[in-house]
Amino acid sequence: MITKKPAVLPVVTMTLAMTLLASQAAAQTTPESRLDASAVIQEAQRMLESERTRTRTEQAEAWRLTERDWERYEALMEGPRGVWSPNLDPITALGVEARSAEERRRYAELLVQVERARTERELAFQRAYDAAWQRLYPNEMPVDEFTLRPRNAFHFTDEGALQARLTVHVAVNDCERCDSTVRELLAQGTQMDIFVLDSDGDDSVIRDWARRVGVPADRVRARDITLNHGQSDPERGIAVGSLPQVYPR
């Protein structure tokens, strides 16, 4: 998530523009050699605007968005959405303010891809951290505050393997990817909190679905897995049409 802030230009660019102005002023030794100051200012402004455009393009690419997407995001955050949700990330902001179902679906899928990639990078670094700790301090207990994730987000099994507890949002109807994702996580022995968005508050709907996908009852009783009624969260892009979604707890 990022906070919408005015674009800040690199110091080097502003310094270059100021240097250009200073050099032109120094050259004004005679009326005949004096350059038009307005032309110098216009050139500096052109350079600054070019830098703004480059920065906008880089920001858009970082979020896998087009420049047009980014321009709309900036416009949205200048309006009510920026007041309601000042820390909203670009993809979610565009998704909750989508102008059509197709646009909403596009941003939802994009957010899933971006969040998945982020999670994979963070887990990869966590594994590297754990391996480094074992190499450097094999006889000492790791301190939670030193790890990438907050306290209790990760724990070690008896074999020392890293385990992450996940939050999994699913739907029980017409979501084959939800079923296959949960089955894959079960096969990996993952601890998770499952939230069913379309249960309509009916416990039996969740129990029937859990039996269908093979959630072990003993793991639920042991709280290794929890089954919960879920709800949509448009600001995070969590909706029935964008499932499944998996996040580290």
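1. Strand β4 and strand β5 (residues 225-229) are paired in the parallel sense, with five bridges between them. Within this pairing, V196 has H229 of β5 as its bridge partner. The model is a predicted one, and the remarks below should be read as describing that model.

2. On strand β3 (residues 166-170), a parallel arrangement with β4 is again found, joined by five bridges. Here T167 has D193 of β4 as its bridge partner. β4 thus has listed pairings with β3 and with β5.

3. The connection from β3 to β4 involves helix α7 (residues 176-187): β3, α7 and β4 form a β-α-β unit, and the unit is right-handed.

4. How much of strand β4 (residues 192-196) is buried? Four of its five residues are, so the strand is largely enclosed by the rest of the structure.

5. The largest nonpolar core comprises 23 residues, and V168, V170, V182, M192, I194 and W209 have the most contacts inside it. The elements contributing two or more residues to this core are β3, α7, β4 and α8 (203-213). A second core, separate from this one, has 15 residues, among them L65, L76, M77 and Y107. In soluble globular proteins, nonpolar side chains tend to be buried together.

6. I194 deserves a separate entry. Leaving aside residues up to four places away in sequence, I194 touches V168, V170, V182 and W209, as well as I225, T226, L227 and N228. V168, V170, V182 and W209 are also listed, with I194, among the residues having the most contacts inside the largest core.

7. A search of the whole structure gives one disulfide. The bond links C175 and C178, with the two sulfur atoms 2.0 Å apart. Which hand does this disulfide have? The torsion about the S-S bond is about 70 degrees, so the disulfide is right-handed.

8. Are the two cysteines buried or exposed? C175 has a relative accessible area of 10% and is buried, because the cut-off for buried is under 20%. C178 is buried as well, at a relative accessible area of 0%.

9. For the protein chain as a whole, there are nine helices and six strands. Of its 249 residues, 37% are buried. The chain exposes about 15500 Å², and carbon and sulfur atoms supply 53% of that area. Among contacts with a separation of 6 or more, 66% are between residues 24 or more positions apart.

Note on methods. Residues numbered from 1 in each chain as written. Predicted model: local features only at pLDDT ≥ 70, side-chain atom pairs only at ≥ 80, totals over all residues. Heavy atoms only, no water. Buried < 20%, exposed > 50% of the residue type's maximum accessible area, 1.4 Å probe, protein only. Pairing = 2+ DSSP bridges. Right-handed = clockwise from strand over helix to strand, strands pointing away. Disulfide = S-S within 2.5 Å. Contact = heavy atoms within 4.5 Å. Areas by Shrake-Rupley, 256 points an atom, 1.4 Å probe, with all protein chains shown as cover. Core = buried A, V, L, I, M, F, W, Y, C linked by side-chain atoms within 4.5 Å.
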